[in-house]
Amino acid sequence: MEPTIEQRVRVICLALPEVTERPSHDTPAFFVRGRKAIAYLWPDGHHDAAFAQLWCAAPPGAQGELLAADPARFFRPSYVGHRGWLGVRLDRDPDWSEVAELCEDAFRTVASKTLVARLSSPRRRPR
């Protein structure tokens with residue numbers, strides 16, 4: 001049986017150092033050290049956008065770049081989009097490696113330098 005979207009996102013996010021999950025706004029959310037959010041998962045959609053989606057913190061400029069490059073997959077999420085967060089559609093055969101990279105970028109954006117240093121992969125340049 002193939003894992004659900006929620007299971008896939010959970011494995012990706014909880015693999016990051018000191019990231020935990022708890023419900024926030026009635027949806028699974030992932031936090032660094034229980035305080036700073038890196039991602040919100042809306043497996044059944046959010047309000048009128050009735051498609052599976054992930055909202056991630058993003059490095060400066062990434063939201064604009066990705067929206068311009070592929071507006072069919074990426075969007076500016078309500079409530080947090082004005083802060084540079086990125087929305088990712090998960091209903092169109094997502095590239096899970098890319099989703100993992102976006103979650104790691106979200107972690108790098110929010111986490112302390114000490115926690116970022118614990119990542120095993122080298123620092124990637126922002127998308």
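## A walk through the predicted model

With a relative accessibility of 15%, S24 counts as buried, because the cut-off for that label is under 20%. The structure in which S24 is found is a predicted model. S24 belongs to strand 1, which covers residues 19-24. Apart from neighbours up to four places away in sequence, the residues in contact with S24 are A29, F31 and Y40. A distance can be added for another residue, A37: it is 13 residues from S24 along the chain, and the two C-alpha atoms are separated by 9.6 Å.

Ahead of strand 1 comes a loop, which joins it to helix 1, and E18 lies in this loop. The phi angle of E18 is near 55 degrees, a positive value in a residue that is not glycine. E18 has a relative accessible area of 35% and is therefore partly exposed. A second residue with a positive phi is H47, which is likewise not a glycine and has a value near 50 degrees. H47 is placed in the loop between strand 3 (36-42) and strand 4 (53-56). Is H47 buried or exposed? Its relative accessibility is 62%, so H47 counts as exposed.

The next stop is helix 1, made up of residues 5-14, where R10 is found. R10 has 26% relative accessibility and so counts as partly exposed. Once neighbours within four places in sequence are set aside, R10 is in contact with E21 and F30. Between the C-alpha atoms of R10 and R33 the separation is 16 Å, and along the chain these residues are 23 apart.

Helix 1 also packs against another helix. Two packed helices are described by the angle between their axes and by the distance between those axes. What are these two values for helix 1 and helix 3? Helix 3 consists of residues 96-110, and the two helices pack at an angle of about 45 degrees, with 9 Å between their axes. Helix 1 and helix 3 are therefore oblique to each other. Their crossing is right-handed. On the side of helix 1 the contact is made by I5, R8, V9, I12 and C13, and on the side of helix 3 by W96, V99, A100 and C103. Sorted by kind, the residues of this contact comprise eight nonpolar, no polar and one charged.

From the helix pair the view moves to the largest nonpolar core. This core has 42 residues, and those that touch the most other members are I38, L54, L90 and F107. Which element gives the largest share of the core? That element is helix 3, with seven residues. One of the core residues named above, L90, can be followed further. Leaving out neighbours within four places in sequence, L90 is in contact with I5, V9, L41, A52, Q53, L54, W96 and V99. Among these, I5 and V9 also take part in the contact from helix 1, and W96 and V99 take part from helix 3.

The last stop is G87, in strand 6, which runs over residues 86-89. The relative accessible area of G87 is 0%, so this glycine is buried. Residues touched by G87, not counting those up to four places away in sequence, are L54, W55, R73, F74, F75 and P77. For F74 the spacing is given as well: G87 and F74 are 13 residues apart in sequence, and from C-alpha to C-alpha they are 5.5 Å apart in space. L54, touched by G87, is also in contact with L90.

Notes
Residues numbered from 1 in each chain as written. Predicted model: local features only at pLDDT ≥ 70, side-chain atom pairs only at ≥ 80, totals over all residues. Heavy atoms only, no water. Helix = DSSP H or I, 4+ residues; strand = E, 2+ residues; numbered from the N terminus. Buried < 20%, exposed > 50% of the residue type's maximum accessible area, 1.4 Å probe, protein only. Contact = heavy atoms within 4.5 Å. Axes fitted to C-alpha atoms, helices over the stretch in contact; angles between N-to-C directions. Parallel < 35°, antiparallel > 145°, perpendicular 65-115°, else oblique. Left-handed = near helix turned anticlockwise from the far one by under 90°. Nonpolar A, V, L, I, M, F, W, Y, C, P; charged D, E, K, R; others polar. Core = buried A, V, L, I, M, F, W, Y, C linked by side-chain atoms within 4.5 Å.
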